[in-house]
2 protein chains.
Amino acid sequence: MQDDARPRKDPAGKPPDPDHTQTNPLIRKLDSLASLSDADRAVLETISADTRSVPAHTDLIREGDAPNGVYLILEGMACRYKRRSRGARQIMAYLIPGDFCDLDVAMLKEMDHAIGTLSACEVVQIPLDTIQELLRSHPTITHALRLATLVDEATLREWLVNVGRRSADERIAHLLCELLLRLQAVGCASSDAYAFPLTQVDLADTTGLSSVHVNRSLASLRERGLIEISDQHLRILDLQRLQALAEFKPNYLHLVRGAAA
Amino acid sequence: MQDDARPRKDPAGKPPDPDHTQTNPLIRKLDSLASLSDADRAVLETISADTRSVPAHTDLIREGDAPNGVYLILEGMACRYKRRSRGARQIMAYLIPGDFCDLDVAMLKEMDHAIGTLSACEVVQIPLDTIQELLRSHPTITHALRLATLVDEATLREWLVNVGRRSADERIAHLLCELLLRLQAVGCASSDAYAFPLTQVDLADTTGLSSVHVNRSLASLRERGLIEISDQHLRILDLQRLQALAEFKPNYLHLVRGAAA
DNA sequence: CGAACTTTTGATATCACTCAAGGGACGTGG
DNA sequence: CCACGTCCCTTGAGTGATATCAAAAGTTCG
């Protein structure tokens, strides 16, 4: 439904296909953060084997729950979110292929936010023991995951800037620019387009706007020839201008290799 | 100027005063997250010895700089922030006594945000080597610092909810409730009051509002008998109602002990 | 084909912003 | 000690961006 941008994975267990490694978003992501060994890659491949399909709009964990292991997203899109008592929702992060949900939050005894799918997803649920064993025996992976966590945090800070100090059009433009780079980094976007399963309500709950206003902002971006949405796919028609409009500076994503301690 | 809430520290080097440990905000904070040994406390005390005074409104690190070690705040208030090109500032975190600035961000090669003081501060600048040695040899401290980082992240998420989905009055009320609990946890607040060095411009840049509107919101909270500000001190007159107004739920601060893995 | 959801559009309301100016507190230098 | 500048807070008036309410049109899917 929203996975056309990436070759479909063989649903069968673990074919030790040497190229498969290139399509595993987790490996792809960690490889760009540290120099994984073949052994590292193999372990990650094994971990990613046991996937589970989760329909759209389904909670993986709720606020108040005790963390029940760690989720890894391999396909589709999920999010962290909170709800206010009157129902207002704020999305605080998008989780895309290659993202772990709760590597660290699992250390706390109670979730302070929920995690739910936005589109249909392929996820792996990994027991804490497995994770801890992985971290113990694979220092390079540990390091890469640490860096990934830092980037997640930096992204969260940028979202706060987005909601606090940008206009509606700018917020949406910024979000779309960010998603392009993040999805490219895991092989889920072409040079200017990606699968886009988000509804306008989702965008509203991400950017702190009303869905009606999101609609108007999207229309404005379209009319200015900046983007095009059709059939659950987003195409960026003029990345330069879109980035300029949003004052998008990708430094916070720390995309270039060489960040090792 | 803003330290009346806490007994003044002996400015001389390291008097091995056994009670002093109780007034060190770092020890106080970590002690509430894990069970520190006397040895742990001693090391932390040593680390905190070499303090430096930094005037208000001074950058400790700028965006784009390479991280230059780790700062620890022992007195006063600092913040993480970013600026947009036209000058608009967004504050993304308050750093209060006991907070480390960049335990992890130091792993990245370039700062994606700045850190600056809001009031005059007492800080310690700790070289990376020292930190790494500390983490290697004191697992309990390491664990406590890990938890502290998670709480910082949870706080950041709550700030996003604040700016994205709360009204002006609610945002400010929420912020004031949060500060009360955080400052109490390090012994820098009484049951209903604390030193408050922030200007209305600072509050505006924190909450994504204009300073004029912050002024009006503060006035409204005052008129409703919820708070009182005088002489750089904030007193909360009706915590119940203030929390209710903001829909403040302290769960994200994970204040109770027992969160160990 | 119908139900549920999503997008779009119009009309109106409101919250928060901008601009502008006055007043208070504080510090500094004459 | 007073004069002055600066910074911060306060207040008023007018504007603008975004929210809310409502309904129609398009989509998806069983």
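A polar contact, as the term is used on this tour, is a pair of N or O atoms within 3.5 Å; within protein, one of the two must be able to donate a hydrogen and the other to accept it, and residues adjacent in sequence count only if both atoms are side-chain atoms. The model is predicted, with local features requiring pLDDT of at least 70 and side-chain atom pairs counting only at pLDDT 80 or more, while totals for chains, interfaces and linings use all residues. Residues are numbered from 1 along each chain as its sequence is written, chains are lettered from A and ligands numbered from 1 in the order in which they are written, and side-chain values use heavy atoms, with hydrogens and water left out.

**DNA strand C**

Select DNA strand C first, and then the residues near it, meaning those with a heavy atom within 4 Å of the strand. There are 14 of them, and the closest are Gln200(A), Asn215(A), Arg216(A), Ser210(B) and His213(B). Of the strand C atoms within 4 Å of the protein, 58% belong to sugar or phosphate and the rest to bases.

Zoom in on the phosphate oxygens of strand C: one is 3.0 Å from a polar backbone atom of Ala168(B), and one is 2.9 Å from a polar backbone atom of Ser210(B). At His213(B), by contrast, look to the side chain, where a polar atom lies 3.3 Å from a phosphate oxygen of strand C.

Next, colour helix α8 (211-223) in chains A and B, each of which supplies at least two residues of this surface; helices here are DSSP runs of H or I with at least four residues, strands are runs of E with at least two, and both are numbered from the N terminus. The largest share, 4 residues, comes from α8(A). Coloured by class, the surface has 4 nonpolar, 7 polar and 3 charged residues, where Ala, Val, Leu, Ile, Met, Phe, Trp, Tyr, Cys and Pro count as nonpolar, Asp, Glu, Lys and Arg as charged, and the others, Gly among them, as polar.

**DNA strand D**

Move to DNA strand D, which is surrounded by 15 residues, the closest being Ser210(A), His213(A), Gln200(B), Asn215(B) and Arg216(B). Sugar and phosphate account for 56% of the strand D atoms that come within 4 Å of the protein.

Three side chains deserve a label here: Ser210(A) has an N or O atom 3.0 Å from a phosphate oxygen of strand D, Asn215(B) places a polar atom 2.8 Å from a phosphate oxygen, and Arg222(B) has an N or O atom 3.4 Å from a phosphate oxygen. The elements giving two or more residues to this surface are α8 of chain A and α8 of chain B, and α8(B) gives the most, with 4 residues.

**Strand β4 of chain A**

Leave the DNA and select strand β4 (residues 78-83) of chain A, where 5 of the 6 residues are buried, that is, under 20% relative accessible area with a 1.4 Å probe and protein chains only, exposed being over 50% and partly exposed in between. Add strand β5 (residues 89-95), which runs antiparallel to β4(A) and is joined to it by 6 bridges; two strands pair if DSSP finds at least two bridges between them. Lys82(A) stands opposite Gln90(A) in β5(A), and in the turn of this hairpin, which has 5 residues between its strands, Gly87(A) has a positive phi of about 110 degrees. Strand β6 (residues 114-117) is also antiparallel to β4(A), with 4 bridges, and Tyr81(A) stands opposite Ala114(A) there.
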